[in-house]
Every structure is written in structure tokens, then in C-alpha cells.
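Reader: Got a minute for a new chain? Put it up and let's go through it.

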Amino acid sequence: MKQAYIFDMDGTLFQTNRILGHALEDAFDFLRMNGRWTGKTPLAEYQTIMGVSLPEVWQTLLPGHSDEERALVDRIFQDALIRHIEQGQGALYSGAEATLQALKETGHPLYIASNGWKVYLTAIVRQYGLNRWLDGVYSIEDVASSQKSDLVAYILSEHQLTDMVVVGDRISDFQAAKVNRLPAVGCRFDFSNEAELEQADVIIDDLRELFQIDLKAVTK
């Protein structure tokens, strides 16, 4: 079997930045209308922690709110994300479709490992027809620990894979690769962080650069 690829979704295949601000504004408008938030929507703060699980997001953005209120805001946010996706306001990164197609056509198994919820991932996959190329889509909901390293380990075990590479843009992706002794490709895209990218084995600025990399040679 040829080398398999595990892709992150947000900030790696999907340009989440196109809809993030709109959906977050919807969620915080709800809080403002109910007297539970004043001031601006904390978009910049969210962007700095992009890549962590949503429970961690709301603990960071809403530290003074109850778990029940955070769960309600999360549902509003998720519904808004899906609505904006279905309205065509999102987009895949340049070269994403061509890269997935070329990898699939040359026999590489392809998977998604994301910190996003299943319903959100399903909306993206459906909107862009990604099932044409993907062999599996996995959410952080698939593991009890909510750790991406465990999610990647689960994919490895589920499909009995030994030769894989993780492609992502944030530290959770690179740590997941390291824990599972896999090479990591860092994507220098919208939400990436230069300090975090140093943990990747190789950095790319366009997904099509994957075809130019000898991953066995660059693994640390």
C-alpha cells in the first residue's frame, strides 16, 4: 500500500477564515442580545488558538460563563458555520482539490483528522464533494480524550496503517504526528504560527508542493 495522508481540515484544506468571523459574530450577537456579553466579538483571540477543540475554545473565550451557556453558544456557532458553508461563503484552499485528486488517483489512502464536530465536517465534505477522494473523515468526537494524537492513533489502528504522513497547520497536528512517530508537513496558511511550524518536518506554502517532498528523507 502506498503512503497514506492524514489531513487537518480547518486552515489546511478548508479556508475557515472566510466564515469564522461571520459565525462567531452570530454567536456573540446572541450573547449580547441576552445581556451576557458586552464589547467586540473576540475574533482575534479565537484566531490565535485556532486548531484547539471547541470545548477549549469556549473555555478560553467565555471563562466566566457556565458549561450550559457555553454549550448553547457552541450550538449557535456550529449552526452558523454550517449555514455559511451551505450558502457558499467558504472555500477550499487553492490546489486542494487537484492535490486530493492526484493523490487518490496514484493510490494514496486519504483521511481527515479534525478537532471539529462531525456535523461541521460533514457539511464541508458534502459542499465540496470531498468523498470522491477521501477514505475516511474523523472528528475529535471519535475519541474520548479529545486529543488529536489519540485521533490519529485511532485512524492508524482502524485501517492497520503503518506508512502515513500528517498534514496540518497548527501545533496539535505536529504533536499528533510526533506522538505517533509520523512525519509532519506544516502548511503556512492563514492560521499558522511560525513558532509552531518549527515543529513540522517540512513546511509548504501550497498543497501542491506535497508532490515535491521526499518525506522519508526529511523526517526528524
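Author: One term before we start: a contact means heavy atoms within 4.5 Å. Also, this is a predicted model.

Reader: Fine. Start at the N terminus. Which residues does Met 1 touch, leaving out those up to four places away in sequence?

Author: Met 1 touches Pro 109 and Leu 161.

Reader: And how far is Met 1 from His 108, C-alpha to C-alpha?

Author: The distance in space is 7.7 Å. In sequence, Met 1 and His 108 are 107 residues apart.

Reader: Where does Met 1 sit relative to β1?

Author: Met 1 is in the segment before β1, and that strand covers 4-7.

Reader: Is Met 1 buried or exposed?

Author: Exposed. Its relative accessibility is 78%, and the cut-off for exposed is over 50%.

Reader: Let's zoom out. How many helices and strands in the protein chain?

Author: The protein chain has 10 helices and 6 strands.

Reader: What's the radius of gyration of the protein chain?

Author: 17 Å. A compact globule with 220 residues would be near 17 Å, so the value agrees.

Reader: And the spans along the principal axes?

Author: The C-alpha trace spans about 55 × 30 × 30 Å.

Reader: What share of the residues counts as buried?

Author: 53% of the 220 residues.

Reader: How about contacts with a separation of 6 or more? What share comes from residues 24 or more positions apart?

Author: Those pairs account for 65% of such contacts in the protein chain.

Reader: Surface next. What is the accessible surface of the protein chain?

Author: About 10200 Å². Carbon and sulfur atoms hold 47% of that surface.

Reader: Charges? How many positive and negative side chains?

Author: There are 20 positive and 32 negative side chains. The centres of the two sets lie 1 Å apart.

Reader: Now backbone oddities. What is the phi of Ser 146?

Author: Positive, about 60°, although Ser 146 is not a glycine. Ser 146 is found in the loop between β3 (136-139) and α7 (148-159).

Reader: How accessible is Ser 146?

Author: Ser 146 is at 33% relative accessibility, so it counts as partly exposed.

Reader: And Arg 181, what's its phi?

Author: Arg 181 has a positive phi of about 55°, and it is not a glycine.

Reader: Where does Arg 181 lie?

Author: In the loop between α8 (171-179) and β5 (184-187). Arg 181 is exposed, with a relative accessible area of 79%.

Conventions: Residues numbered from 1 in each chain as written. Predicted model: local features only at pLDDT ≥ 70, side-chain atom pairs only at ≥ 80, totals over all residues. Heavy atoms only, no water. Helix = DSSP H or I, 4+ residues; strand = E, 2+ residues; numbered from the N terminus. Buried < 20%, exposed > 50% of the residue type's maximum accessible area, 1.4 Å probe, protein only. Rg over C-alpha atoms; globule rule 2.2 N^0.38 Å. Areas by Shrake-Rupley, 256 points an atom, 1.4 Å probe, with all protein chains shown as cover. Lys, Arg positive; Asp, Glu negative; His and termini not counted. Charge placed at Lys NZ, Arg CZ, Asp CG, Glu CD.
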